[in-house]
Structures are given as C-alpha cells and as structure tokens.
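Trainee: Could you take me through this one, and explain the terms as we go?
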Amino acid sequence: MTAPASPLTLDLVARFPGLVQTDTRPGYSGFIVEKDSLLEVAAAVRDELGFDLMTAVTGVDYPPDKMEVVYHAYRTTGGPGLVFKVQVPRVDPVEVPSLIHLYPGVDLQEREAWDLLGIKFTGHPDLRRILMWEGFEGHPLRKDWKEGFYEEDTKPFKSRWPQGQFYMAEDKNPFNDNLAFPQNFDPEKWIPEGDALLYGALARYTVKQEDGLSTDRIVINMGPHHPSTHGVFRAVMTLDGETIAGLKPVLGYLHRNHDKIGERNTFLLNMPFTDRLDYFNSMTNNFGYALAVEKLMKIPVAERAEYIRVIVSELSRIQNHLVFIGTLLNDLGAMYTPSLYAFEERELILDIFEAISGARMMCNYFRFGGVVRDIEDAEMQKIKDLVYDRLQYKTDELDRMLTENEVLLSRMKGVRMINAEDAIAYSITGPVLRAAGVPYDIRRADPYGIYDRFDFDVAVRYNGDLMDNYLIRIDEIRQSLRILDQAIKQIPQGPINSQKPAYQVRVPAGEAYGRVESPKGELGYYVVSNGKPNPWRYHVRPASFVNVTALEKISIGAKIADFVVLLAMFDMVMGECDR
Amino acid sequence: MDNEQLSLPQYEVPEDLQHAIAVTTLDRLYNWGRRSSVWPLMFGLACCAIEMIAAQTARYDLARFGMEVMRPTPRQADMLLVSGTVTKKMVPAIIRLYNQMPEPKYVVAMGACASGGGPFKEGYNVVAGIDKFLPVDVYIPGCPPTPQALIAGLIKLQEKIDKQSIKQVPWYRRKTKDPNYVPVPILGPDLIDPRRNAEIKSAAAVKEG
C-alpha cells in the first residue's frame, strides 16, 4: 500500500529538483521534502498529482539530531499512496509549516503532533494541546521524555525477566504514584491554566452581529459526562439562540498513551492493546496492525487465515453497524428499544468470537502471518446459520421497522451533514464520506488481504444528509453479508499461520503503513522499526479522531438539537479517538 | 426479596397468614428497598461501558436486580460504576460527579483499569485505580468483565447493602460538612491531588535533577 509511488508518473524529484529527494534509507519509501518548500510541494501533490485525501500526519523522533514529519496522501479515486516527509533539526522550537490551508483535515493531527512530540506547525491558527491539557510538562512521545512509572526503554524489563520478579510500580516512584513533577515544584503556587486558551479560541465567534438586533451568545459545555456523546467526548460551543455559532471539540479524556506504551512493547505485545482502540471492533483493529507488521517483515499470510480474517472482520462490521443504528435511535429519543434489537444480534456474533478466540470483546485473534486459532467446523456451522438464516432477515426487520418511521424521517431527511468536496478536504473516511457521494472504500480502492477476490458493491449515497448516513449503514451490512457468503463458500482447508508461533518476531528496519477499512473509516498503523525487538515509532491513525476534525465545520449553523445526531453519525469510539 | 427472605426466621407466622404478614426488622425492610433499586449513574468511560450496556440488554437483564434505571444526572444516582480507564484528564470530572451524588452512594470499580490501572497502568495520563481518589465498595476483575462478572459484582454490592444498619449509617448523622467530600484534583505539570500537597512538595524538592 505504501509502495513508493511509481517514478514514471509521480517523480517529485524531477518536478522539484534540489528540493525533494528520494528517501533512500533501507526499508523506507517516499520522498524527503525541504522544509521551506513543503507548501509548494504539497500544493503540487494535491492539485497536479491528484492526491486529494491527506490521511495521516504524524511525527517521528530521531534523537539526537532530527525530527521528521510524515505525510500519507491518497487519491479518492483509488490506488497506492504517496508518502512524503520533512526533516527538521531537533532543536527547540522544532518548526514545520502547517498544511492546514491546503488540507483542512490535518488540523487535529497537527495539534496532536504538537502535543505529543513538540513539533510546532507555523501558520496553524489554533495550535493548542489536544490530548493532554495545557500546562502539562513536556512532550511525552519524545524519546528522552520519561513517564512517572518509567523503568526501562523497552520490554521485557530486565528486572522481571527471566527471573520472574515483581513489585509495585509505585514503590519505585518518589511520589509513590504515577506522577512526575519538575524539580522544586510547589503545588500550592500552581495556577491552573484551565480552559482560558480554549475559550479564547472560541472568542472569535462571540462577536456581536451588527444587524441592529443585539443578542447575547452563550457558551455551553457538552461533556465529558453526557449521555449522548458516546463516551468522554466534550464539545464546547457558542450558541446564538438555538443555532450553533462556534464549536471546539475537546479530546483526550480517554487518552491512554497507546503510542508511548506501544513503543516500549515488543511487536507482538501490541496486539492485545490494539483490541482496546475501537473496542467494538477488535478484529479490524488487529487486522490493520497485522498488515503493517507483515509488510515490514515481508511475510505471506496463510491462505485459510486470509479467509478467516475476512469473515471475522465482516462479522465485526455487521455488529458495529447494528449497534450504531441502535445508539443512533437512542440519540433521536427512541430510548433503548432499537438498541435491544441491535444487541440481540451483537450477542450472537460475540458468541462466535468467544468460541473462536476466547474473548467476547478483546479478541486478540490475529498473529503476524495468520490467526491464532482455527475456526472449527461447529463454529463454522454457527457462522453459516447466522449469516444465511438470521442476519439478513434481522437487517430487513430493522429496515422495515425504522426506515419509513415518521419521526426518523422528519429528524433526519434533509438535515445537512457534509458535502463531498468538504468531506474530502477534511480527510473524512468511512461511511460518512461514502454517504456524501464519494465511493471510497479501502477494500476496493486499495485492496488489502484478499478483498480483491470478492464481488461486492461499495455502498454509496449521494445526498449527504443524516438519512443517507443512516441508510448507508444498512447498505453496508448487506454488502458485508454478500462478502461473508462468498468467503464461507470459498474458504479452503490448511494451516492458519505461515509462521511458527513465537513470542518474539524479527522485524527488519524500515517503515510501513498498514490501513484497513474499519467500520468507522480508515484505520491506519504507521510502524517504524530499527531492527530491534520493539517498534521505534508506533502510531495509530484512528478514523474517529480524524473524522471529528470536520465537526466544527459541520455543526456551525446547525441547531443544537441536531448536534447530538450529527455527532452520532461519526460513530465515534473514544478509545480509538483518544487512544 | 420475596416474603420468605424478608421475614425473620425466628418468628413463626401461621401458614394461613403468610401471604399477608411478614415479621421483620426495620433494617431488613430498609435495605430490601435500597438494594432492589440501586440506580447507577449513566456514565461510561471506556471498553467496560460497552459490557455494562450489554448487561442491561435482554440477554442479561440487569433489571432483575433493580439496576436498570440509569440516571444521567449524578443527583439522582446511587451508584457510580467506574467503567473503564481513569485518565488524569478525566479524574477531576469524575470527582465532581461523585461529590454531587447524594448519600447513600456507592462506588464500583469495574474492570482492571478502574481497579488498578490495568494494562495501561504505566501510561503517563492514566490514574492507577480510582481508589487513589474514591472509596471503592466493590472491585470487579476482568478486561473487560463479562456481563455475568458485572452482575456478580453488583450482587456483592447488594450483600454489602444488606449488612448496613439504619442506626449506624453515616448519612443520617448530624454533621457539619460532607464526610465523603473529595477535593477535586488539579491539572498541573502532572495531576495534583490537593490532599497530598505537602508530600508532593517535599518529594519534588529532593528529586535529583
């Protein structure tokens, strides 16, 4: 997927002589762009080469001398991506020009890179911390930053293994807790930053209109504890009557330091952590990570395992979309009855996951080169019963029950979500992009695994209103059932892993970006290895986090009663969003 | 609780009156009412919240225990089910919610993260267990606990409620300030627990640069 762009058509070096070099480090691909010409090159990449979807922006720390910002751009018409990088000296302030005016979708990702790596994006209008809070000490993903419970750079820790000792992490910390304060810190003299900067960013929306009628605008906090935000999401908005005049999302209430923990872990140790990203879809989370590492290791996947991967991923997509419909109706006020219908089917799918992997939700099922356990005949029969005798009828039932419903139609039909042009600019992926009329599905646009062997349609709807966003989920369930039907019929017998089971895998140096079409959108893993047992950089490009970049754009002008539904359409899962 | 459980075993009620009369203590009656109508705060943090929702659906049916009425506002809730990883950024909000809940209130730590940090314990933004801040009544192990495990934990909570006596419970006693009030932590260079200010100051002073 991240194969270097074909030099015949995409030769950035020839287009910008002296400003762009090919990345020649072993295992790396793409181009290295001079910092000062980044904007010029990015504009050419978007306008001349047609890479209109900037999916992933992240930084990598290479102490002692340099930091790197990595950009992954794709075409919404499909095909492989283009990787380009900017290298800057590792001397504060580390500054890189912001691409926000070319690709508005990089907004939150650049803020994340500033927050966690301390890369300053010049020209970014609102460069605040996003996952941590203002006033937090340091930039955690820098390699020389140490957390409170720091023990060693990499696992397994020598003090525990192989002797098998253990102790409480608190015992080794001077504060007896997961804390790290600067020298001579006095908590009583600390003045909390609070939300001054946040409200400052909203202040530009509070200017009074000059149309004669003077109305006050009020600022409302929604979340982080709110029944309709699907987790610990917080939106701060300025209201003009019932209309949203300005909005800023506040994230990070579930920031569990996935990247930092992932860089201490060995490659295989990260697999169960990926389960906990989007906790509805541990199977597709596993898939993306396995793809990235397999690409680095350059190993094939066992044939039977490829089919198993598709089967479990599609089952996962079905239960996710069913629960989405249930919770959407919750948000519309149909409290709980549709959810009960959705969870009934979800339980049956989770039963299958439990039977094949041992866990209902956190399956930890994929391994590099295959999967961990085979699907026995009895379980396969259960899957067949579910796919052929139940799920399609239940989907029809849900469709029949809800789609023509008067309340649903009046709340959703014609309520604007986003149009295709903006959706692409804001890097939206997944059902929301397809409901806006862009038939972009990674399973078809840039096939991974064996998705190129199946006959299915990319579900697409063209109005981009809330109703389409709901209908596309039902379309996708039906397409998933089509894929499942083919996969169940074609699955061969054979080994389930091309490799021998091992606790430690050898991963050659290099970089890889593995991405899958998760039920929420594009889920990508950017993994950099330096040949050691632990990843040097492990970055998750979550669908929810990037999709929510457009929330501000979508919400401004909408009514506050519709905001709950607009937010529900992103199908956000905070575990993935905040990581 | 049916009549048999409500009645004290040492009093014999004639058989023809058993459908109408129960001899019991005030404590038993009081706790019977409370244990059968524990209203949880509608509050989900992470993965465990999904299993909490699953426990409420038809298959597991938490309503059998009188715990299906999720209240979105803390002022109507009896139980704070901490369902997921407690992060430093989130913990001030959780403490505020807890302080707003009226007595009697209970805290259940659901899952490995809420009990002790779980797989994310080493993370720089993770609080190693909600019990660093709140008094926890029941810990439920698992990552995430299955709905069955959650229900088992909640039955333990009911058993705990059964043991309380109206004469001794703190919430009917005369008091000048709320004994359960927890000072809200402050987001500084790291999370500051105001109760530990002196300790933090002295430890930060001796820390080697």
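Mentor: Happily; what follows is a short talk about terms and the values behind them. This is a predicted model, where local features need pLDDT of at least 70, side-chain atom pairs count only at pLDDT 80 or more, and totals for chains, interfaces and linings use all residues. Residues are numbered from 1 along each chain as its sequence is written, with chains lettered from A and ligands numbered from 1 in the order in which they are written.

Trainee: Why is strand β3 (residues 53–62) of chain A called largely enclosed?
Mentor: A residue is buried if 20 or more other C-beta atoms lie within 10 Å of its own, exposed if 12 or fewer, and partly exposed in between, with C-beta atoms placed from the backbone. Nine of the ten residues of β3(A) are buried, so the rest of the structure largely encloses this strand. Strands here are DSSP runs of E with at least two residues, and helices are runs of H or I with at least four, numbered from the N terminus.

Trainee: What makes β3(A) and strand β4 (residues 66–74) of chain A a pair?
Mentor: Pairing takes at least two DSSP bridges between two strands. Nine bridges join β3(A) to β4(A), and the two run antiparallel, so the pairing definition is met. One of the bridge partnerships is Tyr62(A) with Lys66(A). Three residues lie between the strands of this hairpin.

Trainee: Where is confidence lowest and highest in chain B?
Mentor: On pLDDT, the predictor's confidence in each residue from 0 to 100, helix α1 (residues 3–6) of chain B is lowest at a mean of 66, and strand β3 (residues 138–140) of chain B is highest at 94. Chain B averages 86, and 97% of its residues score at least 70.
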